[in-house]
Amino acid sequence: MKNSCGKCGGQGDFEDKKTGKLIECECQFIRRIAASMPPYIRRAEVKSDHILHPVVGMVNRSIFIRSSWQDMKAFLKVVMFKYNQKFIRITSDLEIKNVFLGGSSRRAKGEDFSGDVFNNVQDLMQDPDLVIIELNKIGYANKAAAGNLREAIDIRVSKDKATWLFSDHSNPFTESSVAFSNHVWDYIIEYFKIIDIPRMIHVKSSVVSPFAEVSSPKEKPSKESSIPEIVPLKESNDSLDPEVIDNPVSSSLSVYERAYSGERKTKGNFKTSSRLNKRNR
Ligand SMILES: [Zn+2]
């Protein structure tokens, strides 16, 4: 439980020699941010290619991302570290549908419910600095789903607020998706830049073995081709933002990764997460 940080001795803060003020140690900062993440993101494997990827710099833009879920989790982890002051919400077309149906309202959840309550779609969509919407999460036919999705996205677009739509390589948003309509697709291609990200993490397991390259399964063929208009990522001025490299947050990230790989072996350091784990599992 007690961490063995060389800088603060596990205190979580240390005295600045010049000013005499207490400063939050990097190790404490990392624990604090990590504790605020959903466990599936906190545990995501992050490679330097994720940290340096131009998509990480697009937090103020409306983009439609096609990538693997593993890569998406890694991007979200980097984004949540780098922009830890931002209010970021991860939702889905399924949650949007449920909010429209009233299933997330105070009335439905009851007075004692302490989790998130959304009385209407504005509650869900309007406040965050960045909303990430996982697409194709709806399993059953629902005539209103596409209209609901469009209306929810429009709350963001009309206020010029950044939104990331996410289409998973292994569960892509296509013409056969419940929330798909030509209307919503036209809307998406009008307002969203499409970003295609080939798979970057090739192993299923989060444990990277020295034989990872050899044993990694072949990528499943995706049926995504039914969506037209593949706009390749071309803006090189977005890429390799030097801030990403020099920013103390990204160096924190590497520290975090080191600390974290330690946790995987010793199962000790990151106790802050256990409360979140219980709630979300
Ligand atoms: Zn420390």
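Biologist: Where along the chain does K86 lie?

Modeller: This is a predicted model, in which local features need pLDDT of at least 70 and side-chain atom pairs count only at pLDDT 80 or more, while totals for chains, interfaces and linings use all residues. Residues are numbered from 1 along each chain as its sequence is written. Helices (H or I, at least four residues) and strands (E, at least two) are DSSP runs, numbered from the N terminus. In these terms, K86 lies in the loop between α4 (69–82) and β4.

Biologist: Why does K86 count as partly exposed?

Modeller: With C-beta atoms placed from the backbone, a residue is buried if 20 or more other C-beta atoms lie within 10 Å of its own, exposed if 12 or fewer, and partly exposed in between. K86 is partly exposed because the number of other C-beta atoms within 10 Å is 14.

Biologist: Which residues does K86 contact, leaving aside its neighbours within four places in sequence?

Modeller: Two residues are in contact if their C-beta atoms, placed from the backbone, lie within 7 Å. D129 is 43 residues away from K86 along the chain, yet their C-alpha atoms are separated by 6.0 Å. With neighbours within four places left aside, the contacts of K86 are V59, D129 and L130.

Biologist: In what order do the five strands of the open sheet run?

Modeller: Two strands pair if DSSP finds at least two bridges between them, and the pairing in this sheet is parallel. The edge strands, each pairing on one side only, are β4 (88–92) and β7 (193–196). Neighbouring strands are turned by 20 degrees against each other on average, direction ignored. The order of the five strands is β4-β5-β6-β3-β7.

Biologist: Over how many bridges does β3 pair with β6?

Modeller: Strand β3 (residues 63–67) pairs with β7 in the parallel sense over four bridges, and I63 has K193 as its bridge partner in β7. On the β6 side, S67 stands opposite D168. Strand β3 is mostly covered, with four of its five residues buried. The pairing of β3 with β6 is also in the parallel sense, and its number of bridges is five.

Biologist: Which residues of α5 are buried?

Modeller: Helix α5 lies across β4 and β5 (130–134), and what covers its buried residues includes β4, α7 (121–125), β5 and α8. Seven of the eight residues of α5 are buried. These are D93, L94, E95, I96, K97, V99 and F100.

Biologist: At what angle do α5 and α8 pack?

Modeller: Axes are lines fitted to C-alpha atoms, for helices over the stretch in contact, and angles run from 0 to 180 degrees between N-to-C directions. Helix α5 (residues 93–100) and helix α8 (residues 145–158) have their axes 9 Å apart, and their packing angle is about 95 degrees.

Biologist: Which residues make the contact of α5 with α8?

Modeller: Counting Ala, Val, Leu, Ile, Met, Phe, Trp, Tyr, Cys and Pro as nonpolar, Asp, Glu, Lys and Arg as charged, and the others, Gly among them, as polar, the residues of this contact divide into five nonpolar, one polar and two charged. The contact is made by D93, I96, K97 and F100 of α5 and, from α8, by A145, N148, L149 and A152.

Biologist: Which residues does F173 contact, leaving aside its neighbours within four places in sequence?

Modeller: F173 lies in the loop between β6 (162–168) and α9 (182–191), and F173 is buried because 27 other C-beta atoms lie within 10 Å. Its C-alpha atom is separated by 5.4 Å from that of N136, 37 residues away along the chain. With neighbours within four places left aside, F173 is in contact with L135, N136, S167 and F180.

Biologist: Which helix gives the most residues to the largest nonpolar core?

Modeller: A nonpolar core is a set of buried Ala, Val, Leu, Ile, Met, Phe, Trp, Tyr and Cys residues joined through C-beta atoms within 7 Å. The largest has 53 residues, and those touching the most other members are I65, F75, V78, L149, L165, F166 and A179. The most to this core, eight residues, comes from α4.
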